[in-house]
Amino acid sequence: MTSLHGKIALVTGAAGVLGLATAKALLEDGLKVVLNDLHSEKLNALGGQFKGDVYPAAFDISDYDQVVLNVQKIQGEFGNVDVLINNAGILSNNKVIDTQPEEWRKVLGANLDGAFFLTKMVLPHMKAQRWGRIINTCSLAGKTGGLTAGTAYSTSKGALQSLTYSVARETAQFGITVNGIAPAYVRTPMVMEQLTEAQRTELLKSIPVGRFCEPEEFAHVVRFLTSPLAGFITGEIIDLNGGLHFD
Ligand SMILES: NC(=O)c1ccc[n+]([C@@H]2O[C@H](COP(=O)([O-])OP(=O)(O)OC[C@H]3O[C@@H](n4cnc5c(N)ncnc54)[C@H](O)[C@@H]3O)[C@@H](O)[C@H]2O)c1
């Protein structure tokens, strides 16, 4: 069985709440972690809170040229990526008539294009070593059309789910698993600041577990899917929604 110790994970959106919790969990499991986010200031501000080997890599995942350059740099200076966590994303709550084309492109760029670009770049190494893990941060919105989330966001997450299935099918024979996690309403600024108090109160009534999800609970699922004994799970989207939606 493949040990995780010393393997390299790339976590996008690592300066955000879920990315940070994920990076910390993977470091605890002995992986080395590339921390990606848009700006180096955001990554630098994370400071010395990591116990383990980290490599900050600030770049915009929605820009293909930047992805190519930076993945090559990571490979040369830190090593090949064995575990890819496509987690960066932006929320938009506008429904279709209110969604501007620029907003549509920006949300699709960050939430979908970035995952495709990075997957394309890291797969050759994973295939060659016949082991790899790719985990995509999807969303309940991708399955429901968005309870509070808007059209561009829900569409981007639905497409990310399809990308997960497609790449899982293509790569299973190479020892690579590709899965998604569909969280809903984690206690993050996305939920605590971008939703109104009234929306939050209403939501809590419809979440059977009766609370919002904690970032560490998300990171725990990443950890599980990354682990060697999860090698028979691929093409799965794991719900993390406190019973709000069953499928
Ligand atoms: N918070 C929730 O309840 C919730 C629910 C479902 C899904 N999600 C998904 O979880 C993921 C993480 O969300 P979060 O709550 O931690 O949000 P967050 O805003 O705290 O973190 C997202 C991070 O992604 C980064 N980012 C955005 N665009 C980028 C780009 N083009 N290139 C590189 N980095 C970029 C941001 O700078 C930010 O640090 C997102 O994909 C989000 O859609 C969150």
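A residue counts as exposed if 12 or fewer other C-beta atoms lie within 10 Å of its own, and as buried if 20 or more do. The model discussed here is predicted. By that criterion R130 is exposed, because 11 other C-beta atoms lie within 10 Å. Y185 is buried, because 25 other C-beta atoms lie within 10 Å.

**Two residues with positive phi**

Although R130 is not a glycine, it has a positive phi of about 55°. R130 lies in the loop between α4 and β5 (132-137). Y185, also not a glycine, has a positive phi of about 55°, and this residue is found in the loop between β6 (176-183) and α7.

**Overall form**

The chain has nine helices and seven strands. For 247 residues, a compact globule would have a radius of gyration near 18 Å; the chain has 17 Å, and therefore agrees with that expectation. Taken along the principal axes, the C-alpha atoms fill a box of roughly 50 × 35 × 35 Å. Buried residues account for 44% of the 247 residues. Of the contacts between residues at least 6 apart in sequence, 72% join residues at least 24 apart.

**Ligand surroundings**

The ligand is surrounded by 30 residues, and the closest are G13, G16, L18, A88 and G89. Two or more residues of this shell come from each of α1 (17-28), β2 (32-37), α4 (101-129) and α7 (189-192). By class, the shell comprises 16 nonpolar, 12 polar and two charged residues.

**Helices α1 and α4**

Two of the helices that contribute to the shell, α1 and α4, are set out below with their spans from first to last C-alpha.

| Helix | Residues in helix | Span | Expected span at 1.5 Å a residue |
|---|---|---|---|
| α1 | 12 residues | 17 Å | 16 Å |
| α4 | 29 residues | 41 Å | 42 Å |

In α1 the span is close to the expected value, and the span of α4 is likewise close to its own expected value. Nevertheless, α4 has a kink of about 45°, centred on G109. The residue that follows α4 is R130, with its positive phi near 55°.

How much of α1 is buried? Nine of its 12 residues are buried, so α1 is largely enclosed by the rest of the structure. The buried residues are L18, G19, L20, A21, T22, A23, K24, A25 and L26. L18 is thus a buried residue of α1 and also one of the closest residues to the ligand. The elements against which the buried residues of α1 pack are β1 (8-11), β2, β4 (83-86), β5 and α9 (215-226). Of these packing partners, β2 also gives two or more residues to the shell around the ligand. After α1 comes G30, whose phi is positive, near 90°.

**Helix α6 at S166**

S166 belongs to helix α6 (residues 151-171). This serine counts as partly exposed, because it has 14 C-beta neighbours inside 10 Å. S166 and V178 are 12 residues apart along the chain, and their C-alpha atoms are separated by 9.0 Å.

Methods: Residues are numbered from 1 along each chain as its sequence is written. This is a predicted model: local features need pLDDT of at least 70, side-chain atom pairs count only at pLDDT 80 or more; totals for chains, interfaces and linings use all residues. A residue is near a molecule or strand if its C-beta atom, placed from the backbone, lies within 6 Å of it. Helices (H or I, at least four residues) and strands (E, at least two) are DSSP runs, numbered from the N terminus. Ala, Val, Leu, Ile, Met, Phe, Trp, Tyr, Cys and Pro count as nonpolar, Asp, Glu, Lys and Arg as charged, and the others, Gly among them, as polar. The expected span of a helix is 1.5 Å times one less than its number of residues. The bend at a residue is the angle between axes fitted to the seven residues ending there and the seven starting there. The radius of gyration is taken over C-alpha atoms; the globule rule is 2.2 Å times the number of residues to the power 0.38. Two residues are in contact if their C-beta atoms, placed from the backbone, lie within 7 Å.
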